[in-house]
Amino acid sequence: MCGIIGVVGSSDTLETLLEGLARLEYRGYDSAGVALVRPGETWRARTAEGTESVKALREECDLAPLGFSSGIGHTRWATHGGPETMNAHPHLDCSGNIAIIHNGIIENHADLQEQLEARGHVFSSVTDSEVLAHLIEESRANGFELIEAVRRSLLVVRGAFAVAAMDATEPDVIVAARRISPLIVGTAPGVTYLASDIPAILDRATAFYAVSDDEIVRLAPEGFRAIDLEGVPVHLHPLAVDWDLETAEKGGHDDFMTKEINEQPDAIRTTLLDRRRRDGTITFDELRVSDEELRDVRRVVIVAAGTSHHAGLVAKYAIERWARVSVEVDIASEYRYRDPIVEIGTLVIGISQSGETIDTIQAIREAKRRGARVIAVTNIVDSSLARESDAVIYTRAGLEVSVASTKVFLAQVAALELLALRLAQLRDTVPASDVDAHFLGLNAVAEQVATVLTRRSSVEDVAKQLLGARDFFFLGRHVGFPTALEGALKLKELSYLHAEGYPAGELKHGPLALIEPGVVVVAVVTDPAMHEKMLSNLAEVKARGATVVAVATDDDESIAAIADYVLRVPATEPMFSPMVDVVPLQLFAYAMARGLGRNIDRPRNLAKTVTVE
Ligand code: M6R
């Protein structure tokens with residue numbers, strides 16, 4: 001998730017930008033840059049030094065000329081194009097007068113770039129963002145003022161954006177706009193700011209305003225005005241901000257975990273952006289494995305740890321169902337020590353949020369040593385896992401700070417299910433119309449997750465009733481099983497309570513002996529095909545005195561007769577349900593941990609990234 005900042009009318013432009021970028025550090029970045037604009041002159045500095053980029057940028061800016069009262073700045077979290085200086089923002093148009101920064105993904109950038117190049121534009125990066133600079137350049141050349149040039153450009157782009165543009169031929173104006181990616185405006189006497197988040201401008205602006213989707217704002221020293229995509233004037237909503245810096249970094253929430261749980265709909269949306277061509281082909285720009293190799297895969301082995309392992313278990317169901325390839329899912333720390341079999345046609349998928357988990361890296365090294373092709377699914381561009389694999393698919397969930405993984409799990413499942421659909425297309429195992437329907441279904445999940453997030457207080461009410469419980473069993477069948485495992489892991493690591501995840505059918509093979517009054521059974525009961533069987537499992541535990549909490553769909557009338565508490569979710573295609581059903585389980589674990597006074601973002605004994613075996 002890139003960070004953006006802009007200022008017009010300042011006597012302290014460069015320092016405002018550099019300080020703001022440093023305060024956006026928590027969003028994560030691999031490169032940084034600023035552009036300063038005054039009549040007839042645009043000055044730019046960019047660095048790509050990983051987490052040292054903002055520091056390096058400050059040194060570069062020692063060379064900046066004085067006397068610029070307007071500028072924009074950017075920290076980049078690479079998606080299209082590697083983390084190199086040429087891909088760092090701001091990007092310029094052909095004339096060098098127009099500078100733009102962008103957070104998000106322009107889905108149709110390839111088509112637009114082709115058209116722009118045909119009209120003579122020269123590109124100097126391999127990003128999706130640069131098309132914006134050239135589109136704005138064309139409208140400016142046709143005589144439109146900057147706000148109209150930006151509006152016209154946005155009419156032809158698809159995707160997500162928080163964008164800001166400046167032009168040395170219309171100085172002391174910034175035009176900014178958003179769709180999906182965050183953007184706020186701030187004001188102080190004689191100075192106007194923009195940023196992706198409050199912390200960047202917290203100490204400088206005295207009033208804050210939210211920019212909504214498809215709104216365009218023209219910032220000048222004396223204030224701002226906003227229009228929608230049709231050019232109709234709109235009012236920005238004022239934001240009441242009485243936060244300190246720490247609260248601001250958490251988006252006004254008590255902890256990063258809440259912020260990250262709330263970011264889940266966007267984590268899915270951005271992970272799915274730009275993944276389907278107009279002809280319906282599922283595509284991964286960053287996947288450097290040929291279609292032939294993918295078509296010829298005979299066996300898939302998934303290696304991962306913790307939450308990423310649970311995402312891998314969901315992927316097994318999707319790949320086997322849709323692509324008809326057999327999938328084995330292994331705990332990464334076990335894989336390399338069991339003399340694994342790698343035959344011709346074995347594809348190994350290493351899944352890791354951080355891309356630095358030593359167990360997963362060692363597992364893929366072992367797989368490569370034995371001749372497997374390896375795909376990484378990771379959230380961190382250029383992480384060790386990404387570098388050491390033959391190919392990579394990035395989840396685009398943005399930086400995850402809380403030790404308990406939440407939004408990345410949803411992004412991993414979305415990315416892996418897309419991969420399953422791509423394999424199905426290549427192997428011709430699912431009719432094209434069904435692939436299309438699944439893709440649409442996958443895209444609808446973000447909205448369903450957003451619905452579950454509005455029900456937080458009903459989950460908290462259930463947690464309050466169960467604060468005294470000490471033993472929990474999480475049950476599910478089919479993809480409800482990995483969902484149950486993930487629910488149990490969240491409860492364990494956050495609340496330090498004993499929790500186990502089980503396939504519901506396995507209960508009577510042993511664990512049923514542990515069920516007695518006081519034990520809580522949390523069951524995922526959302527799959528119609530598994531419903532009857534799940535109800536009979538629940539009858540078994542009820543008969544032995546357990547308290548039952550069910551995750552059930554809105555239309556499930558029968559569940560209330562057997563469950564003590566019901567956590568409702570919208571019905572979704574069962575294959576996608578882990579992304580929806582896990583959300584009340586995350587909220588439940590969170591509420592239990594809060595109730596027990598645990599440290600939410602930093603549970604005891606745990607590290608965010610495990611780099612020792
Ligand atoms: O960065 P990774 O996805 O490789 O991390 C794997 C596990 O360490 C991680 O998922 C861990 O289990 C989390 N604390 C779960 O919330």
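**Close-up 1. The loop holding Pro-90, between strand E4 and strand E5**. Pro-90 sits in the loop that runs between strand E4 (70–76) and strand E5 (91–92). The model shown here, as in every view, is predicted. His-89 and Pro-90 are joined by a cis peptide bond. Omega at this bond is about 0°. Most peptide bonds are trans.

**Close-up 2. The loop holding Asp-172, between strand E7 and strand E8**. Strand E7 (159–167) and strand E8 (174–179) flank this loop. Asp-172 has a phi near 60°. That value is positive, in a residue other than glycine. Most residues other than glycine have a negative phi.

**Close-up 3. The shell around the ligand**. The ligand is surrounded by 14 residues. The closest are Ser-308, Ser-352, Gln-353, Thr-357 and Glu-493. By class, the shell has 8 polar, 4 nonpolar and 2 charged residues. Domain 2 (256–449) and domain 3 (456–595) each contribute at least three residues to the shell. Helix H10 (306–323) supplies at least two shell residues, and so does helix H17 (480–495).

**Close-up 4. Polar atom pairs between Glu-493, Ser-354, Val-403 and the ligand**. A polar side-chain atom of Glu-493 lies 2.4 Å from an oxygen atom of the ligand. For Ser-354, a polar side-chain atom is 2.7 Å from a ligand oxygen atom. Val-403 takes part through its backbone: an N or O atom there lies 3.1 Å from a nitrogen atom of the ligand. Taken alone, the ligand exposes 410 Å². The protein buries 90% of that area.

**Close-up 5. The pocket taken by the ligand**. The ligand takes up the space of the second largest pocket. Glu-493, one of the closest residues, belongs to the surrounding shell.

Conventions:
Residues numbered from 1 in each chain as written. Predicted model: local features only at pLDDT ≥ 70, side-chain atom pairs only at ≥ 80, totals over all residues. Heavy atoms only, no water. Near = heavy atom within 4 Å. Polar contact = N/O pair within 3.5 Å; in protein donor to acceptor, adjacent residues only side chain to side chain. Areas by Shrake-Rupley, 256 points an atom, 1.4 Å probe, with all protein chains shown as cover. 1 Å grid on protein atoms, 1.4 Å probe; cavity = no way out; pocket = protein on both sides within 12 Å on 5 of 7 lines; lining within 4 Å. Sits in = over half its atoms within 2 Å of the grid points. Helix = DSSP H or I, 4+ residues; strand = E, 2+ residues; numbered from the N terminus. Nonpolar A, V, L, I, M, F, W, Y, C, P; charged D, E, K, R; others polar. Domains from an automatic or database assignment.
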